[in-house]
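Visitor: I am new to this structure and would like a close look at one part of it. Could you take me slowly through the charged side chains, and then show me what else is worth placing beside them?

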Amino acid sequence: MVDCIFCKIAVGEIPSNKAYEDDQVLAFYDLDPQAPVHILIIPKGHIGSAAEITAENSRIVAHIFEVAAKLAAELKLDQGWRVVTNVGKDGGQSVLHMHFHLLGGRSMAWPPG
Ligand code: 5GP
Ligand code: ZN
């Protein structure tokens, strides 16, 4: 998608600090980390947000969670971790390409602000 920053990161047009990559997804470290481990996991193909998940494209979400579990194990987040996807204005979404935040390395508050 033209002018989508995460589409550009997905194809390497904008550099990122990669944590994992395959043909379907890319995981890279967030520029503004909110925890000792803060990785963004994105589908390489453009999906605007989780609000656009349908029966046709939902398999990518399962794959993203597989990648999250693999990264959490590799990074030894043995005390736990969190996956968050923000949707729309009230959800606090600032980049309009679906992404899942993998956060760990500290105790998390609940409910989120
Ligand atoms: P959102 O607020 O949409 O849920 O999350 C967007 C996230 O993307 C933020 O945590 C922000 O720090 C991160 N981000 C925005 N632009 C870039 C970028 O160019 N590179 C990286 N690595 N992270 C970015
Ligand atoms: Zn995109």
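Guide: What follows is a walk through the charged side chains, with the metal site and one glycine added afterwards. Please keep in mind throughout that this is a predicted model, and that every value below was computed from it.

Let us begin with Asp-22, which sits in the loop between β1 (18–21) and β2 (25–29). Asp-22 is buried and yet has no salt bridge, for the nearest side chain of opposite charge, that of Lys-44, is 6.0 Å away. A salt bridge is counted here when a side-chain nitrogen of Lys or Arg comes within 4 Å of a carboxyl oxygen of Asp or Glu. Even so, Asp-22 touches Lys-44, and also His-63, when residues up to four places away in sequence are not counted. What does the side chain of Asp-22 reach on the backbone? One partner is the backbone nitrogen of Gln-24, at 2.8 Å, and another is the backbone nitrogen of Val-25, at 2.9 Å.

Lys-44 comes up again when we turn to the pairs that do form, since Lys-18, Glu-21 and Lys-44 are linked in a network of salt bridges. Within that group, the side chains of Lys-18 and Glu-21 meet in a salt bridge with an N to O distance of 3.1 Å. Lys-18 counts as partly exposed because its relative accessibility is 44%, and Glu-21 is likewise given as partly exposed, with a relative accessible area of 36%.

The count for the structure comes to 5 salt bridges, and two further ones deserve a careful look. In one of them, Glu-74 pairs with Lys-70, their closest N and O atoms being 3.1 Å apart. Both Glu-74 and Lys-70 lie in helix α2 (residues 59–74), where they are 4 residues apart, about one turn of the helix. Glu-74 counts as partly exposed because its relative accessibility is 45%, while Lys-70 is partly exposed with a relative accessible area of 37%. In the other, Asp-90 forms a salt bridge with Lys-89, and here the closest N and O atoms are 4.0 Å apart. Asp-90 is exposed, with a relative accessible area of 78%, and for Lys-89, also exposed, the value is 78%.

From Asp-90 one can step along to Gly-91, which lies in helix α3 (residues 88–91). Gly-91 is partly exposed, with a relative accessible area of 29%. The C-alpha atoms of Gly-91 and Ile-9 are separated by 23 Å, the two residues being 82 residues apart along the chain.

Finally, there is the metal site to place beside all this. The zinc ion (ligand 2) has as its protein donors Cys-4 through SG, Cys-7 through SG, His-46 through ND1 and His-97 through ND1, and these lie 2.0 to 2.3 Å from the ion. The angles among the 4 donor atoms run from 106 to 116°, and the site is tetrahedral. Along the chain, the donors of this zinc ion follow the spacing C-x2-C-x38-H-x50-H. Two of these donor residues can also be described by their accessibility: Cys-4 counts as buried because its relative accessibility is 6%, and Cys-7 counts as buried at 11%.

How values were computed. Residues are numbered from 1 along each chain as its sequence is written. Chains are lettered from A and ligands numbered from 1 in the order in which they are written. This is a predicted model: local features need pLDDT of at least 70, side-chain atom pairs count only at pLDDT 80 or more; totals for chains, interfaces and linings use all residues. Side-chain values use heavy atoms; hydrogens and water are left out. Donors are N, O and S atoms within 2.8 Å of the metal (3.2 Å for Na, K and Ca); water is not among the atoms, so sites may look incomplete. Four donors count as tetrahedral if all angles lie between 85 and 135 degrees; four count as square planar and six as octahedral if opposite donors are over 155 degrees apart and all others between 65 and 115; anything else is irregular. Buried means under 20% relative accessible area, exposed over 50%, partly exposed in between (1.4 Å probe, protein chains only). Helices (H or I, at least four residues) and strands (E, at least two) are DSSP runs, numbered from the N terminus. Lys and Arg count as positive and Asp and Glu as negative; His and the chain ends are not counted. A polar contact is a pair of N or O atoms within 3.5 Å; within protein, one must be able to donate a hydrogen and the other to accept it, and residues adjacent in sequence count only if both atoms are side-chain atoms. Contact means heavy atoms within 4.5 Å.
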